[in-house]
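Here is a quick tour of a protein model for anyone who likes to look at a fold before heading to the bench. Have the sequence and the 3D view open as you read.

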Amino acid sequence: MPENAALNELDAELMGRALELGHGGDPSPNPHVGAVVAHEREIVGEGFHNMAGDAHAEIVALKAAGERARGATLYVNLEPCSHQGRTPPCVDAVIAAGVKRVVAAVQDPNPKVAGSGFSKLRAAGIAVEQGLREEEARELNIGFFARITRGRPWVRMKIAASLDGRTALANGKSRWITGETARQDGHRWRARACALLTGFGTVRDDDPQLNVRGVDTPRQPLKIVVDSKFETSPSARLLQEGKTLIVGAVNEENKIAALKATGAEAIIIPNDHGKVELFRLMEELGRRELNELHVEAGTKLNGSLLQAGVVDELLVYLAPSVIGDSGRGMFHLPEITELSRASALKIREVERVGADLRILARI
């Protein structure tokens, strides 16, 4: 919490309401933003950014407040924008509404804003406080911050495994290692992502739909298949509905044409070994304004993504079962001879989900 003494428990409470509102809607590629207009404890207007092209959270909240916005405090989890995008600058509306104080959780990392919104508000005589509940605000928009600051989406890799870390039997069978509650929880994580990524091996062996099921969602994420030789069958279930991007490494014209005939998009991003260059793929997804990427793949692609340095977070579901050494592991990685070379993780959450455990760990 900032050192500024003006920020008190009431401010923290109302910022909490703004953060809660910020979880609403699906504004991608824009950030999640919630806003509250209040006179002391009395909330006179609130809102959130529902989807790209709609009014921003501040505008919705100010409209709800009407004349009561004059002299009020505006709480918002992200710096109000100061540039013309799909909608006009929010700071102009905040100034025109007569708000006397703005409390924002975090500065917008977008170079088009990046403090200029705060500067414009201060120049208009509006008191500006920033930094309240900043970590929560960053977590709310972790994908947006990742894409804007480094040009790549936030990559979350989901793995379901037995307690001894086996994701499938030796013959590839994996349905179902975890219970129904964990699988439903996994779909909630799918729903928050902009895109779902898997590999050709998983498509070949499991023929997944790779969509969100059983969870309310305003849209289905983009489906991405890493398929070096474009071997995905045009009859694969994931191609039957929704948007799919097939990423390969060689120009197999006939196979590409067959996939495009299903409505899929195909692009070629090769490395020097005839495989897909994964880091460049992530940069391409960043250019396409994808904020969060959810990976559900097999041991080989999991290992390759980890080695490429593009994985940010592991979402691991552990079932109360043991499969043994014959089962398939989580990652196919080169042998290491020193424990100091093991990939270091920071565990953020451990929760019981039905009969299983869910572990969230950061790279």
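What follows is a walk through the sheet, two helices, a pair of cysteines and a few backbone oddities.

## The sheet

Keep in mind that this is a predicted model. Its open sheet has 9 strands, and the pairing is mixed. Reading across, the order is S10-S9-S8-S7-S11-S6-S12-S14-S13. From one strand to the next, the twist averages 20°.

Which strands stand at the edges of the sheet? They are S10 (265–268) and S13 (346–353). Each has a single partner strand, so one side of each has no neighbour in the sheet. For S10, you can follow the pairing with S9 (residues 244–248): the two run in the parallel sense over 4 bridges. If you want a spot to click on, try Ile 246, whose bridge partner in S10 is Ala 266.

## A helix across the strands

Helix H7 covers residues 180–192 and lies across several strands. Among them are S6 (154–162), S7 (195–199) and S11 (292–295). H7 also lies across S12 (313–319), S13 and S14 (356–362), and it runs at about 165° to S12.

## Helix H1 and its surroundings

Now go to H1, which spans residues 9–22. This helix has 14 residues and reaches 20 Å from its first C-alpha to its last, close to the 20 Å expected at 1.5 Å a residue. At its N-terminal end, Asn 8 acts as the cap: a side-chain oxygen of Asn 8 sits 3.0 Å from the backbone nitrogen of Leu 10.

Is H1 mostly covered or mostly uncovered? Mostly covered, with 10 of its 14 residues buried. The buried set includes Leu 10, Leu 14, Met 15, Leu 19 and Leu 21, along with Asp 11. Gly 16 and Gly 22 are buried too. As for what they touch, the buried residues of H1 pack against strands S1 (34–39), S2 (42–48), S3 (73–76) and S4 (101–104), plus helix H5 (134–140).

## Two cysteines, no disulfide

How many disulfides does a search of the whole structure find? The count is 0. Cys 81 is in no disulfide, and the nearest cysteine sulfur, that of Cys 90, is 3.6 Å away. Cys 90 is likewise in no disulfide, with the sulfur of Cys 81 as its nearest. The pair isn't counted because a disulfide here needs the two sulfur atoms within 2.5 Å.

Both cysteines are tucked away from the surface by the accessibility numbers. Cys 81 is buried, at a relative accessible area of 8%, and Cys 90 is buried at 0%.

## Backbone oddities

A few backbone spots deserve a click. The peptide bond from Ser 28 to Pro 29 is cis, with omega near 10°. You'll find Pro 29 in the loop between H1 and S1.

Then there are two residues that have a positive phi without being glycine. Arg 133 has a phi of about 55°, and its place is the loop between S5 (127–130) and H5. Phe 230 also has a phi of about 55°, and Phe 230 is in the loop between S8 (222–226) and S9. What about their exposure? Arg 133 is partly exposed, with a relative accessible area of 28%, whereas Phe 230 counts as buried at 1%.

Notes
Residues are numbered from 1 along each chain as its sequence is written. This is a predicted model: local features need pLDDT of at least 70, side-chain atom pairs count only at pLDDT 80 or more; totals for chains, interfaces and linings use all residues. Side-chain values use heavy atoms; hydrogens and water are left out. Buried means under 20% relative accessible area, exposed over 50%, partly exposed in between (1.4 Å probe, protein chains only). Two strands pair if DSSP finds at least two bridges between them. Axes are lines fitted to C-alpha atoms, for helices over the stretch in contact, and angles run from 0 to 180 degrees between N-to-C directions. Contact means heavy atoms within 4.5 Å. The expected span of a helix is 1.5 Å times one less than its number of residues. A polar contact is a pair of N or O atoms within 3.5 Å; within protein, one must be able to donate a hydrogen and the other to accept it, and residues adjacent in sequence count only if both atoms are side-chain atoms.
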